[in-house]
Amino acid sequence: RYKILGGPGCGKTTEILKMLKRNFEAGLHFDQALMIGFAKATVENLKDRAQEDKTLSLFFTEKQAESIKTIHKFCKDHLAGYEIFNETAKKIFKKQIKTDPDNWPKLEDTNYDGTDLVAVGWTEEHDKKFGAIMNLIGLAKHSLGFKKAVKINNEYKIVTDPLQRIFHFYDEDPSYQSARFKRPEISYVYKNFTKFKDHYQMIDFDDMLEKSLAKNIEFKPYKLVLVDEAQDLSKLEWQVISKIARNTEELVLVGDDDQSIYGWKGSDARIFQKWPCKKECVRSLPKTYRLPPAVYRVVMRIQGEIQHRLGTKFECDPNKEGSFGFIDSLRVLANSINSKSDVIMCARTNAIAQKFKQFCIDYGLIFKEKNYAHDRGTSFRTIFDQEDRKELIKAWDTLKSGGVIQGKQYLKMVKKLQPGLIEYGKKGALEHADTQPPELQDPDLYLSFEDIRDKYYFQGDKNSEWFEILKFETDSVLFRDNNHLNEYLRTCWERDPELESNIKIAPIHSVKGMEADLVIVDSNWGPNSIKSYNSGDRKKEDEETRVAYVGTSRAKKHLIIYEHSMKVKNRFPLLTHEFLEQ
């Protein structure tokens with residue numbers, strides 16, 4: 001049993017990939033090794049790094065890459081006969097739960113997309129009160145573990161009824177004392193969600209973990225198992241790791257407890273900290289290759305406020321150039337960055353990060369964000385990548401220059417055209433599958449400008465720019481109306497027709513594991529997070545401190561704290577002039 005500890009930029013990923021490479025070189029077969037990642041992004045990063053490294057790729061074939069999995073994918077592979085509770089299933093369930101369950105058979109939807117193998121979660125932001133209850137259910141499962149004893153009146157007792165375990169967690173967790181929902185609502189949602197999944201033989205993220213822990217599910221033995229980002233695992237996920245470890249010759253846990261920031265989903269750094277391991281089998285990576293001295297000093301100042309930690313120490317390169325400073329207005333950045341600049345703008349919450357997005361919109365900068373409502377938080381995309389905007393702009397440019405586009409692309413374009421550009425009475429026919437010319441769905445059909453004009457009712461001018469042809473819509477609060485959106489898109493296009501961006505804007509949790517030349521962290525922590533920090537609960541205080549630590553340690557060269565004005569009530573104490581410049 002081994003632990004590899006490393007701070008931000010110390011090369012933890014490189015270290016475990018090298019370890020895997022050495023074992024492959026020594027003759028280890030790919031199916032004798034397993035690398036577990038906490039999140040899909042972690043796994044994709046591991047696979048990319050493995051196959052981009054020229055020396056490693058000699059041994060890391062596509063087949064060998066299959067040994068790298070998320071913990072959920074690993075569990076799902078041991079469960080047969082289940083569909084995935086995905087985005088379309090979620091929509092069906094939310095529709096059905098509004099009615100009496102006895103009437104569900106009348107509402108059965110045949111539009112379930114069985115090819116979508118991505119399980120979907122819940123957010124209070126998009127699912128409102130219903131999402132809050134679902135998050136409580138998930139948090140209870142991850143915090144209490146699967147069939148583990150729970151503490152009742154200072155005694156540990158086995159409570160087997162899943163709903164009673166959730167009630168116990170709800171009663172004991174102080175954060176739910178003023179919740180907007182009560183026991184009957186929790187019971188209604190839980191029982192009907194369970195009934196829905198049972199009826200359709202579906203499983204969600206939590207089911208993958210719990211069902212794989214059943215005694216009749218056996219994990220094969222491994223010679224080598226590596227667990228990346230181990231500090232982010234919950235009690236439920238640690239139970240899976242424990243089961244894997246029983247038949248594993250060599251188990252390596254890799255992580256940094258100072259970067260454990262997922263307490264809100266049940267992760268518990270204390271398990272990683274206390275996991276039994278001989279002292280001589282614990283190794284700390286001694287140097288960060290990311291942080292310059294100016295940023296390193298800030299990061300270490302914040303790290304010093306974390307009360308419960310393993311005590312990992314690392315140094316930085318004293319000769320690396322970089323800087324640290326404060327700004328009280330984002331306007332000062334307008335002339336120093338562009339869409340191609342390598343920048344991360346991050347904040348404690350998605351709502352607070354909106355100010356960064358508004359700045360980019362005001363100054364015509366393209367940025368990438370995680371669109372949680374549509375992308376389920378799996379990737380960063382620009383506003384041009386959403387709703388097929390970039391695809392259609394490029395398609396029009398192709399037609400203008402004498403090229404051809406797919407028939408399917410033309411059908412997408414029809415829905416976004418300015419009024420009056422389709423022959424009167426024909427647009428509706430093109431928009432509906434049962435009335436549109438069937439050949440337009442043929443992936444091998446390509447159309448020129450002359451084709452769409454002569455055969456498919458298009459009446460626009462070939463010499464027009466895309467913003468004279470297309471009009472996009474939005475329901476985003478970032479824009480006053482559709483005209484505001486289209487003005488922004490045009491401004492961005494006029495500055496950079498390639499429509500690319502290296503600016504990422506997101507909550508700090510979403511940029512964990514990333515880095516950029518310039519990182520800007522908003523010091524406004526929001527009322528709920530400040531309340532948590534000031535609660536007197538050391539665990540919550542440490543969690544908020546670690547979030548600040550993660551945010552500031554993304555910077556490869558320059559770190560800026562956006563401090564707003566002195567009027568902001570919820571400034572995080574560890575991100576102020578007073579603290580950082582003592």
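At the N-terminal end of helix α23, Asp537 acts as a cap, with a side-chain oxygen placed 2.9 Å from the backbone nitrogen of Lys539; a polar contact is here a pair of N or O atoms within 3.5 Å, of which, within protein, one must be able to donate a hydrogen and the other to accept it, residues adjacent in sequence counting only if both atoms are side-chain atoms. The model is predicted, so that local features need pLDDT of at least 70 and side-chain atom pairs count only at pLDDT 80 or more, whereas totals for chains, interfaces and linings use all residues. Residues are numbered from 1 along each chain as its sequence is written, and side-chain values use heavy atoms, with hydrogens and water left out.

Helix α23 (residues 538-552) comprises 15 residues and spans 21 Å from its first C-alpha to its last, close to the 21 Å expected at 1.5 Å a residue, the expected span being 1.5 Å times one less than the number of residues. Helices (H or I, at least four residues) and strands (E, at least two) are DSSP runs, numbered from the N terminus. Because eleven of its 15 residues are buried, α23 is largely enclosed by the rest of the structure; buried denotes under 20% relative accessible area, exposed over 50%, and partly exposed the range in between, with a 1.4 Å probe and protein chains only. Among these buried residues are Asp542, Glu543, Glu544 and Arg546, together with Val547, Ala548 and Tyr549. The elements that cover them include α12 (293-303), β14 (343-347), α21 (508-511), β20 (516-522), α22 (527-533) and β21 (555-562), where contact means heavy atoms within 4.5 Å.

Strand β20, one of the elements that cover α23, is itself largely enclosed by the rest of the structure, since six of its seven residues are buried. Four bridges join β20 to β14, and the two strands run parallel; strands are taken to pair if DSSP finds at least two bridges between them. In this pairing Cys346 stands opposite Val521 of β20. Strands β20 and β21 also pair in the parallel sense, over six bridges, and the bridge partner of Leu518 in β21 is His558.

The loop between β20 and α22 holds Asn524, which is buried at a relative accessible area of 17%. A polar atom of the Asn524 side chain lies 3.1 Å from the backbone nitrogen of Gly526. When residues up to four places away in sequence are not counted, Asn524 touches Arg348, Ile352, His564, Val568, Asn570 and Arg571.

A search of the whole structure for disulfides, defined as pairs of cysteine sulfur atoms within 2.5 Å, finds zero. Cys346 is in no disulfide, the nearest cysteine sulfur being that of Cys360 at 13 Å, and Cys346 is buried with a relative accessible area of 0%. Cys492 is likewise in no disulfide, with the sulfur of Cys360 again the nearest, at 8.9 Å; Cys492 is buried, with a relative accessible area of 1%.

An open sheet of six strands follows the order β3-β2-β8-β9-β1-β10, with parallel pairing. Strands β3 (68-70) and β10 (282-284) stand at the edges, each with a single partner strand, so one side of each is left without a neighbour in the sheet. Neighbouring strands are turned by 20° against each other on average, direction ignored, where axes are lines fitted to C-alpha atoms, for helices over the stretch in contact, and angles run from 0 to 180 degrees between N-to-C directions. Helix α10 (residues 235-245) packs on the sheet, touching β2 (33-37), β8 (222-227) and β9 (248-255), and its direction makes about 150° with that of β9.

Within this sheet, β9 is largely enclosed by the rest of the structure, because six of its eight residues are buried. Strand β9 pairs in the parallel sense with β8 over five bridges, in which Leu251 is the bridge partner of Val225, and with β1 over four bridges, in which Tyr2 stands opposite Val252. Strand β1 (residues 2-5) is joined in parallel to β10 by three bridges, with Ile4 opposite Arg283.

In the loop between α1 (12-25) and β2 lies His29, which counts as partly exposed at 39% relative accessibility. The side chains of His29 and Asp31 are joined by a polar contact of 2.7 Å.
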